[in-house]
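Colleague: I should like a close look at one helix of this model and at its capping, followed by an account of the sheets, the helix packing, the cysteines and the backbone exceptions. Please set it out as one connected description.

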Amino acid sequence: MTNPWNGKAVLQVFWWNCSNTAYSSFYNYLAGLAPTLANMGFDGIWTPPPCKGNGIAQNMAYEPYDYYDLGQKNQQGGVATWFGSQDEFLRMVAVCHANGLEVYPDIVLDHCSPADADPDSPFKDPEHNYSSFHGVGFAGPGTGRWPRNWLDFHYNPQHWHNPSDWTPPPNPENDFGFDFCYQGRCSDTGDAPSNCPVRANARAWFVWFVRQSGVDGFRFDDVKGFPPEVVEDVLYNAMGPGLEYFCVGEYLPDYSSADLDNWCNATLNRSGTFDYSFRYALSDLASSQGFYNVGNLPSLQQQNRFKTVPFLNNHDTQDGTLGPYINPDDRRAQLAYAVAMTVDGSPQLFILDLFNTLFNLPADRHTTRPWLVNLLWCHQKLAFKSGEYFVRYQGSEQLLILERGARAIVAINNDGANWQSQWISTAFFPNTQLHDYSGSMKDDIWTNQDGWAHIAVPPCSYSVWGPAGITGGFAPTPRRTLQQFEMADDLGDSNPNSPRYGGFAIPAVHRTAGAVWPATGSKVNLFVYADAPQQVELLILPPKGAAAIPGFTGTAGPDHPLVASFEVGLEGRHILTAKLTNAAALPARLYVKVDYLGPKNPTAL
């Protein structure tokens with residue numbers, strides 16, 4: 001049985017100032033890493049913020065400049081983001097899907113930077129009056145979608161000096177750029193005021209981004225800095241009324257587990273949170289040299305666990321910014337990881353914990369920490385999250401025993417010198433043979449006639465008991481990718497140094513919607529929509545060396561698209577272009593939707 005949707009194993013695949021010189025871009029590195037991660041058993045990867053940030057040189061994009069620039073506009077010092085171009089981002093998503101992995105990009109909706117001077121801003125000092133954002137569009141500089149000025153940020157006439165979580169004092173700029181004002185006093189009950197349309201713009205962008213990228217879930221940055229109903233709003237509009245997708249918010253760690261629960265409830269469970277309170281407990285376990293009461297751990301997890309994410313390390317703990325870094329080579333870090341991967345939720349692993357060496361090496365030459373790979377194997381192969389969560393023993397300061405009902409028993413021993421053992425009741429049938437898949441215990445055990453088992457654990461170690469005889473690796477089912485390219489004058493860039501994506505479709509000249517990277521021998525399905533019926537020609541430009549693909553003509557409308565398909569003769573970049581065939585037609589918006597299978601092991605990375 002596979003894990004349920006809310007029991008995913010997630011890897012954060014980036015770190016501060018990440019790069020890998022063995023690849024032409026970081027997105028290409030992630031595409032090259034995807035087969036390895038899929039074979040390990042991961043369900044999905046948490047990727048960096050996708051939007052163009054404050055400059056492109058070693059910028060992690062936590063200060064987004066243009067939300068509609070995924071690395072296809074010539075601005076902020078170049079076309080690509082620090083992580084790569086839009087083409088490389090979209091290919092990475094498709095390659096992950098082809099390997100059965102989901103993709104969860106980081107979303108930053110609390111703040112943005114840098115800006116130009118705003119002549120209407122009342123803040124005339126040089127530090128604060130730079131609040132004008134007007135990105136590039138196909139129609140030229142300053143014509144891009146989602147322009148912003150001082151009224152979109154704190155402070156403004158609707159939300160003046162009132163320091164709180166949503167209005168950071170003492171000025172309208174926080175540590176990562178200008179802080180968005182989402183409505184009136186940021187306690188919105190309806191549409192945003194006309195002078196502060198941030199929520200409507202955030203909603204429109206997020207819907208566009210999900211359709212453009214085809215991603216599967218999200219991590220929202222710094223969610224305590226803006227109203228939780230904003231997260232609920234954008235998720236509902238982009239993902240629909242269902243809740244079965246991965247989503248987690250970074251609710252910063254100076255709050256209790258009750259605050260985490262309240263925030264999740266306020267999003268109507270469309271998003272969970274990183275369980276920072278529980279993470280602090282795991283950090284104490286790892287650092288206390290055996291002087292920690294492990295029996296307290298089960299009571300320290302947040303109560304709303306519908307989408308909770310237990311974890312040990314991430315990019316913010318890497319340098320101690322949001323808590324101490326837990327050294328993965330510390331023996332007790334293994335105990336902490338064993339607990340984090342057993343309790344309720346979708347455990348998040350950190351790439352610097354998983355791999356011993358990865359910097360500037362090809363993905364297939366990384367060396368791993370075998371114990372963490374084994375824990376991941378146990379979590380996935382024994383299907384931890386398909387079994388109900390039980391705390392079987394917590395009556396000792398040194399021994400904790402947890403069970404995922406009839407799937408696995410996980411026990412940790414925090415005593416550095418002595419064995420610990422205990423008889424426990426289990427959900428396994430009587431006389432079930434159990435094997436320790438962690439390797440701590442050599443011999444199998446059996447449950448007795450009442451379904452009880454005697455669990456013993458060596459000093460400073462853990463064990464993972466499951467039904468004997470489970471073997472093998474992972475073979476995830478390849479998935480197709482659906483991405484939509486919108487052609488409009490306020491999207492893309494006509495600068496010759498850019499790929500020149502975007503622009504309304506016009507007669508006589510083919511304009512470029514975007515590009516995809518399908519696998520050799522696969523079938524690509526295309527659907528072209530328009531706001532009003534248009535006579536359209538769609539032309540696909542294949543990679544060099546591939547046979548030409550005949551053009552497709554027909555009517556594209558809002559409800560009945562032009563439908564086409566072709567077989568891929570050669571893996572590579574396929575450029576999507578379109579024009580209007582009626583010479584008298586006015587420029588028109590087109591939506592080119594592409595359903596395709598990416599390559600599992602892409603070439604030319």
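Modeller: In this predicted model, the buried residues of helix H8 are Arg332, Ala333, Gln334, Leu335, Ala336, Tyr337, Ala338, Val339 and Ala340. Helix H8 spans residues 331-340, and 9 of its 10 residues are buried, so the helix is largely enclosed by the rest of the structure. The N-terminal end of H8 is capped by Asp330, which places a side-chain oxygen 2.8 Å from the backbone nitrogen of Arg332. Arg332 thus appears twice in this description, as the residue whose backbone nitrogen faces the cap and as one of the buried residues of H8.

Burial also marks strand E32, which covers residues 590-596: 6 of its 7 residues are buried, and the strand is mostly covered. E32 belongs to an open sheet of 4 strands, ordered E25-E32-E27-E30, with antiparallel pairing. E25 and strand E30 (562-567) stand at the edges of this sheet, each with a single partner strand, so one side of each has no neighbour in the sheet. Direction ignored, neighbouring strands are turned by 20° against each other on average.

The pairing of E32 can be followed on both of its flanks. Strand E25 (residues 481-487) runs antiparallel to E32 and is joined to E32 by 7 bridges. Within this pairing, Thr481 has Tyr596 of E32 as its bridge partner, and Phe485 stands opposite Val592 in E32. Helix H2 packs on the sheet, where H2 touches E25 and E32; the direction of H2 makes about 155° with that of E25. Strand E27 (residues 523-530) likewise pairs with E32 in the antiparallel sense, over 6 bridges. There, the bridge partner of Ala530 in E32 is Leu590.

H2 has a helical neighbour as well. Helix H1 (residues 26-40) and helix H2 (residues 86-98) have axes that come within 9 Å and cross at roughly 10°. That angle makes H1 roughly parallel to H2. On the H1 side, the residues in contact are Tyr27, Asn28, Leu30, Ala31 and Ala34, and they meet Glu88, Phe89, Arg91, Met92, Val95 and Cys96 in H2.

Cys96, one of the H2 residues that meet H1, leads to the question of disulfides. A search of the whole structure finds 0 disulfides. Cys96 is in no disulfide, and the nearest cysteine sulfur, that of Cys18, is 14 Å away. Cys96 is also buried, with a relative accessible area of 0%. For Cys51, the closest cysteine sulfur is in Cys112, at 11 Å, and this is too far for a bond. Cys51 counts as buried too, at 6% relative accessibility.

A further open sheet has 4 strands in the order E26-E31-E28-E29, again with antiparallel pairing. Its edges are strand E26 (511-516) and strand E29 (552-556); each has a single partner strand, so one side of each is left without a neighbour in the sheet. From one strand to the next, the twist averages 30°. Strand E28 (residues 534-541) pairs with E29 in the antiparallel sense over 5 bridges, and Leu538 has Phe552 of E29 as its bridge partner.

Three places in the backbone remain to be described. Most residues other than glycine have a negative phi, and most peptide bonds are trans. The peptide bond from Ser113 to Pro114 is cis, with omega near -5°. Pro114 is found in the loop between strand E6 (111-112) and strand E7 (116-117). Ala383, a residue other than glycine, has a positive phi near 55°. Ala383 is found in the loop between helix H10 (370-381) and strand E17 (389-393), and this residue is buried, with a relative accessible area of 0%. Cys460 likewise has a positive phi, near 45°, in a residue other than glycine. The loop that holds Cys460 runs between strand E23 (452-457) and strand E24 (461-467). At 10% relative accessibility, Cys460 counts as buried.

Definitions and conventions. Residues numbered from 1 in each chain as written. Predicted model: local features only at pLDDT ≥ 70, side-chain atom pairs only at ≥ 80, totals over all residues. Heavy atoms only, no water. Buried < 20%, exposed > 50% of the residue type's maximum accessible area, 1.4 Å probe, protein only. Helix = DSSP H or I, 4+ residues; strand = E, 2+ residues; numbered from the N terminus. Polar contact = N/O pair within 3.5 Å; in protein donor to acceptor, adjacent residues only side chain to side chain. Pairing = 2+ DSSP bridges. Axes fitted to C-alpha atoms, helices over the stretch in contact; angles between N-to-C directions. Disulfide = S-S within 2.5 Å. Parallel < 35°, antiparallel > 145°, perpendicular 65-115°, else oblique. Contact = heavy atoms within 4.5 Å.
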